Amino acid sequence: MPQTPPFSAMFDSSGYNRNLYQSAEDSCGGLYFHDNNLLSGSLEALIQHLVPNVDYYPDRTYIFTFLLSSRLFMHPYELMAKVCHLCVEHQRLSDPNSDKNQIRKIAPKILQLLTEWTETFPYDFRDERMMRNLKDLAHRIASGEETYRKNVQQMIQSLIRKLAALTQYEEVLAKISSTSTDRLTVLKTKPQSIQRDIITVCSDPYTLAQQLTHVELERLNYIGPEEFVQAFVQKDPLDNDKSCYSERKKTRNLEAYVEWFNRLSYFVATEICMPVKKKHRARVIEYFIDVARECFNIGNFNSLMAIICECFLEDTSFIFIGPVKRIHGKFADSSALLMKTVLFNPELFQNIQNTLNIQIGTTGMNMSPVSRLKKTWAKVKTAKFDILEHQMDPSSNFYNYRTALRGAAQRSLTAHSSREKIVIPFFSLLIKDIYFLNEGCANRLPNGHINFEKFLELAKQVGEFMTWKQVECPFERDRKILQYLVTVPVFSEDALYLASYESEGPENHIEKDRWKSLRSSLLGRV
C-alpha cells in the first residue's frame with residue numbers, strides 16, 4: 001500500500017515540492033499560475049485539480065492545502081461526493097465495458113488520494129456520509145483485483161482504529177472533567193496535613209518535566225489539522241447554506257488542549273499557594289523553576305509558558321499574565337503578553353488588535369495570588385528564573401522565544417534520537433499567528449477565485465505543527481505522576497487569592513475587603 005511522505009518534506013520555500021510527484025500542466029480552466037506556482041482558482045477548478053487521472057497525480061502539497069482550506073467553502077462530505085463523482089464518471093469506473101488496463105492505471109492513484117485523506121484528516125470520516133462515499137468508491141476500485149482489495153481493507157481498518165482511539169480519548173477527557181473538584185472543597189473535607197503535594201508525588205523536577213511532555217504530546221496528537229481552520233471559520237459570502245457555519249466549527253481537541261494549558265497554570269499556582277510556611281512555598285517555586293528549565297531543554301515550550309505564566313479566564317477570553325515571578329519582572333510592564341484571544345467567537349475577533357495593545361497595570365500584577373507573596377519570593381533563588389524570563393520575554397513579538405523555537409525545530413530535523421525530535425510550541429502564540437495570517441488576507445479574490453496562495457502559507461504553518469505532533473515521547477511513563485497531574489483538584493481563581501491572603505496578609509484596603517469577602521463566600525467565615 002503506498003505510504004505518504006513525511007510532512008517535513010512537503011513544503012519548500014516556493015510552494016510545491018516537485019520532487020515528490022510529477023505535476024501536470026493545468027488542462028482545465030479556472031486556475032491561475034505564476035512562475036509555475038498555483039496562486040488562485042475557482043472552487044470547481046480546484047476540485048478537478050485534486051482528482052487524479054491516468055497521466056496525472058496532484059502534488060501532495062496541493063492535496064494537503066486544498067483539503068485543509070476547502071472546508072471554508074464547502075462541507076468535507078460535499079467535497080468527497082464531488083471527488084467520487086469525478087472519479088467514477090470521468091474514469092468510467094462504473095462502466096463494465098471500460099478498459100481494464102486503464103482502470104489498473106488509475107485505481108492506485110485514486111486509492112493513494114483516499115489514503116492521504118484518511119491518514120491526514122481522519123476526523124472528517126466521523127460523518128457517516130463521508131464513510132459511505134469512501135467505502136463506495138473503494139469498493140469500485142477493489143472489485144476484481146485482490147491486491148487493491150487488501151489495500152482498501154488496510155486503509156479502512158487503519159481509519160477505524162484512529163477513530164476508535166479518538167472516541168476513547170474523548171471519553172477519558174469527559175470522565176476527568178465530570179469528576180473534577182475544586183481543591184478548596186477537598187480541603188474542607190480532608191485536613192491539609194494528609195493532602196499530597198507535587199513534591200511528595202514526584203521529588204525530581206526533571207522527571208516531572210518529562211511527564212508533562214507525555215501529557216503535551218498525547219493531547220497534541222489528537223488535534224486534527226482542520227481544527228486550526230475551523231477555529232476561525234466564518235460564513236463564506238458565496239455560500240447560501242446557513243447551517244454550514246455552525247456545523248464546521250468542530251474544534252473540541254484544540255479546545256481541550258487550551259484547557260490543559262489553563263489547568264497546568266492553575267495547578268502550578270495551587271501548589272505554590274498551598275503550603276502554610278513560606279520556606280515551603282519558596283521551595284515549591286524553586287522546584288517549578290527547575291521543571292520549567294528542563295521543559296526548555298526538552299523543547300516543551302507550552303508547559304514552560306504555562307509554568308511561568310498564569311492564565312486568568314474572563315468569559316471566553318484567554319488572558320496570559322505572568323504570575324510565577326517577582327512583581328517587577330519583565331512581564332509586568334509588557335503589553336504584548338496580554339492576549340485576549342477569543343478563539344471560538346469570531347464576532348469578537350475584530351477587536352483583537354485593540355486588545356493586544358492594552359497595557360498591563362501594576363494593580364493587576366499586585367493582585368496576582370503568587371506574585372504578591374513578597375516574603376516568599378524573598379527566599380527564592382531567582383538566577384535560573386531570570387534566564388527563563390529572558391528566553392520567554394514577550395517583547396518584539398516574542399523574538400527570543402521564536403529564536404529558540406527555530407533552534408529546536410532545526411534540531412528536530414537533524415535529530416539522532418527521539419528526545420532531540422521534540423518540539424512543542426507555545427500553543428496560544430501559534431493560534432495567534434494563524435489567526436493573523438487568516439485575517440491578513442482575503443479568502444477570495446475580487447474575481448471570486450479562491451486565494452490559494454494564502455492557504456498555502458496557512459498549510460505551511462499547520463504542516464510544521466503536524467510534523468511536531470507526530471513525535472512519540474521517548475520518556476518512560478509514570479502513571480502515578482500522570483494521574484496526579486491530570487486529576488488532582490486545583491484552586492479556582494478566588495480560592496487562589498484566598499490562599500494567598502491567608503499565607504501573607506492583605507497589604508491595603510482593597511485586598512482586605514476582598515479577603516473578607518472571600519472568607520465569607522468560600523469559608524462561611526467573617
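**Close-up views of a predicted model**

**View 1. The hairpin of strands 3 and 4.** H34 stands opposite N37, a residue of strand 4, in this model, which is predicted rather than experimental. Strand 3, covering residues 31–34, and strand 4, covering residues 37–41, run antiparallel and are joined by four bridges. The two strands form a hairpin in which two residues lie between them, and D35, in the turn, has a positive phi of about 50 degrees.

**View 2. The surroundings of H449.** The loop between helix 20 (427–440) and helix 21 (452–469) contains H449, which counts as buried because its relative accessible area of 16% is under the 20% cut-off. Although H449 and L31 are separated by 418 residues in sequence, their C-alpha atoms are 8.5 Å apart in space. When neighbours within four places in sequence are left aside, the contacts of H449 are with G30, S40, G41, S42, N443 and R444. With S40, the side chain of H449 also makes a side-chain polar contact of 3.3 Å.

**View 3. Positive phi values at S396 and N397.** Most residues other than glycine have a negative phi. S396, which is not a glycine, nevertheless has a positive phi near 55 degrees, and N397, also not a glycine, has a positive phi of about 55 degrees. S396 belongs to helix 19, which spans residues 395–413, and N397 is likewise found in helix 19. S396 is classed as exposed because its relative accessible area of 64% is over 50%, whereas N397, with a relative accessible area of 38%, is partly exposed.

Notes. Residues are numbered from 1 along each chain as its sequence is written. This is a predicted model: local features need pLDDT of at least 70, side-chain atom pairs count only at pLDDT 80 or more; totals for chains, interfaces and linings use all residues. Side-chain values use heavy atoms; hydrogens and water are left out. Two strands pair if DSSP finds at least two bridges between them. Buried means under 20% relative accessible area, exposed over 50%, partly exposed in between (1.4 Å probe, protein chains only). Contact means heavy atoms within 4.5 Å. A polar contact is a pair of N or O atoms within 3.5 Å; within protein, one must be able to donate a hydrogen and the other to accept it, and residues adjacent in sequence count only if both atoms are side-chain atoms.
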